[in-house]
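Please open the model in a viewer and keep the sequence panel beside it. The tour below proceeds by selection, and each stop states what is to be found there.

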Amino acid sequence: MKNVLKVENVTMQFGGVVAVDNLTMEVNEGEIVALIGPNGAGKTTAFNVITGVYAPTNGRVCFNEKCIVRNHPTGKMKKAYKGEHPAMYTAQLAPEEALEDEALKAWKEAQKERDEDAFSDHVLAPTPDKITALGMARTFQNIRLWKSQTVFDNVLIAKHLRRTSNLFTAALHLNAKEEARQRAEVLELLKLVGLEDVKDELATSLPYGKQRRLEIARALATDPTLLLLDEPAAGMNPQETLELTQFIGEIRKNFHMTILLIEHHMDLVMDIADRIYVLDFGKLIAQGTPEEIQSNEHVIDAYLGVVEDAED
Amino acid sequence: MKNNKKRNLLLSLILAAICIAFLLYVDKFQHYSMLATVLKKGAIYSLVAVSLNLLNGFTGLFSLGQAGFMMIGAYTYSILTIPVADRAGVYQYFDGGIVQFCVPMIVGLILAGIVPAIFAWLIGLPVLKLKSDYLAIATLGFAEIMRAIIQWKQVGPLTNASNLLKKFANFDSILFPFIVSAICIGFIVLLINSTYGRAFKAIRDDEIAAEAMGINLAKHKMQAFLISSFFAGIGGALLAMFQSSVQASTFTSTMTYEILLIVVIGGIGSITGSIIGSFLYIACSEWWLRFLDDPAPYLHVNISFMRPGFRMLVFSVVIMIVVLFFRKGIMGDREFSWDGIFNFFKKLCKKKDKSAKEVASK
């Protein structure tokens, strides 16, 4: 199975608050992985680090076996952030000859293959649009549609990054072929997600459930290989949640999409997730299949509560 | 649907023909009238207002540097197109100045766009990272600084310091500013309807979502800023020709506010609104409200408060009314379309029918 996303030793510190503390996780191709945890556990912060909104204080994010975000603290901070791979920092500190340990050498070579600058202090912090262009698209916890645009235009604008025209050829309408192709693709996509009949309405005039659907469609329009959904079922009633569960399943099937999602609706998570990561106070407290998570004592203590509570 | 398209095209052609015929008539028979002045200045202000609207209305960047870019454009054009023979007279305090060549009018006009765009790129690098009010303050400051620099004695050989620049290449027909403005506004309209225009609107509506969907904020904001200042520069050059002289002290921040006002009255985010707004504004300020400045007895009653400057007072009241009660301006964010006009009349007829029926039923 191909590794799509790998988050290594990511720490995100805002002043004295450590929002994400040494998080390591991975998502494989075709999987649906859920990130759960109580409010304020750092789930959305983790999303923001992965998508480039924040540059992490420490750690690395790899996408499709290529490093896309990296930060190595220097000086005193190295000790504080040495994470799960102390070898990384000893390798960084020690001169080449001092490396006698064969295993360490091999490990270092493997690191270098994936990320040439793995052992330098070079910081890699691209803006979110660059990461989206690599094939990672997200939705937002509080819906962020373009309010003055129609449903169709909302999805069409997301196609902007796949253009080949420049400002002048676009303004002089020399890209008519590309424009027509993109419009056809958008129409096709809207048909697939069931928003075709409302395509000319304003995005904000849609009911809540459909706005969520539109946001997912907009993310899909950027041709991603990994879809990140930030609480897609927030504020939905059980009926809408059920529909959304089916919808996410359909997306995975129709688009061969790998999905990472944050969610509080446990029935949805347990239903569709292949693997679950549980965060609490920024730390990873458990990981595993839904069954393992449901019976994990730490998780029950921190988040799920006792079984009687979980059922209602 | 297709019938409508044909009808709209026909109506547009008829309207354009009427406009051109009207302009030709004014050009021939009323060349020096107030009407001609208003038409010329209105066309120039339309271009500048549309260029500001591209920034404020479509990209959501609140910039107040428009007068500064106009000034740079006006100076670029006039410095480059003064005939060499006349330079000694114009630059009388600076030994004829340092520029001793002259470029054709069209080249001067294009350079009048390019030079402000270069300045815009330079200040855009740091300034475009700012948001809303801060961007406005920074661009306003830039315009004021440029005005001071141009009037500086040390750059006199280039800009003639605070003295007038005159005798540069000029237009005669009132069609000229209309043609140039129409070409420039046409380009902006095409741009707004392209994929880039949609990206600009996305940045205006929600920056965070736009960036997450792969729109490079820095690049797109810079593009909008450059295009806006390019056309503001051309507008400035046209204004220089209209006044047939250039002086830095006329490009004050008041001019920026005038243009901003036109955009607000016309409707933020509407090209046709900006055009209608500028003709209305120029007609009011230059012509229709002139009588307010006239202290002469009016209807045999001597009104003591009618004196030079009273016009501006009335004007500011009008502005306050617009801002308080008609915040969307004349057009809101809609554009002029024949379908819109027909629908409007259809609705009006239906309403009349309804009320007539109601009266009948009673």
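Which residues of S7(A) point one way and which the other way? Select the strand: Leu226(A), Leu228(A) and Asp230(A) point one way, Leu227(A) and Leu229(A) point the other way, and all are buried. A residue is called buried if 20 or more other C-beta atoms lie within 10 Å of its own, exposed if 12 or fewer, and partly exposed in between, with C-beta atoms placed from the backbone.

Before continuing, note the conventions. This is a predicted model, in which local features need pLDDT of at least 70 and side-chain atom pairs count only at pLDDT 80 or more, while totals for chains, interfaces and linings use all residues. Residues are numbered from 1 along each chain as its sequence is written, and chains are lettered from A and ligands numbered from 1 in the order in which they are written. The model scores are ipTM 0.86 and pTM 0.88.

**Stop 1: the strands beside S7(A)**

S7(A) covers residues 226–230, and five of its five residues are buried. Helices (H or I, at least four residues) and strands (E, at least two) are DSSP runs, numbered from the N terminus. Add S6(A) to the selection: S6(A) and S7(A) run parallel and are joined by three bridges. Two strands count as paired if DSSP finds at least two bridges between them. Ala137(A) is the residue opposite Leu227(A). Now add strand S8 of chain A, residues 258–262, which pairs with S7(A) in the parallel sense over five bridges. Here Leu228(A) stands opposite Leu260(A).

**Stop 2: helix H5 of chain A**

Select residues 128–135 of chain A, which form helix H5; its buried residues are Pro128(A), Asp129(A), Ile131(A) and Thr132(A). They lie on the same side of H5(A), because they cover an arc of only 160° around the axis; the arc is that of the directions from the helix axis to the C-beta atoms. The buried residues of H5(A) pack against strand S5 (66–71) and strand S6 (136–138) of chain A, together with H10 of chain B.

**Stop 3: Gln287(A) and chain A as a whole**

Move to Gln287(A) in strand S10, residues 283–288 of chain A. Is this residue buried or partly exposed? Gln287(A) counts as partly exposed because it has 18 C-beta neighbours inside 10 Å. Leaving aside neighbours within four places in sequence, Gln287(A) is in contact (C-beta atoms, placed from the backbone, within 7 Å) with Arg275(A), Ile276(A), Tyr277(A) and Val278(A). Its C-alpha atom is 9.3 Å from that of Leu35(A), 252 residues apart along the chain.

Display the whole chain: chain A has 14 helices and 10 strands. Of its 312 residues, 37% are buried.

**Stop 4: where the chains meet**

Show both chains. In all, 22 residues of chain B are in contact with 29 residues of chain A. On chain B, helices H8 (175–192), H9 (195–205) and H10 (207–212) each supply at least two residues to this side. H9(B) gives the most, with seven residues. By class, the chain B side has 11 nonpolar, five polar and six charged residues. In this classification Ala, Val, Leu, Ile, Met, Phe, Trp, Tyr, Cys and Pro are nonpolar, Asp, Glu, Lys and Arg are charged, and the others, Gly among them, are polar.

**Stop 5: the core and H11 of chain B**

Select Met71(B) and Ile234(B). Of the 163 residues in the largest nonpolar core, these two touch the most other members. Such a core is a set of buried Ala, Val, Leu, Ile, Met, Phe, Trp, Tyr and Cys residues joined through C-beta atoms within 7 Å. Helix H11 of chain B, residues 217–243, contributes the largest share of this core, 13 residues. Beyond its neighbours within four places in sequence, Ile234(B) has contacts that include Leu47(B), Leu109(B), Val180(B) and Cys184(B).

Colour chain B by pLDDT, the predictor's confidence in each residue from 0 to 100. Confidence in chain B is highest in H11(B), at 95, and lowest in helix H15 (residues 338–361), at a mean of 75.

**Stop 6: two loop residues of chain B**

Finish at Asn160(B), in the loop between helix H7 (156–159) and strand S1 (165–166) of chain B. Asn160(B) has a positive phi of about 65° although it is not a glycine. Asn160(B) is buried, with 27 other C-beta atoms within 10 Å. Lys167(B), in the loop between S1 and H8 of chain B, also has a positive phi, near 65°. Lys167(B) is partly exposed, with 17 other C-beta atoms within 10 Å.

Notes. Contact = placed C-beta atoms within 7 Å.
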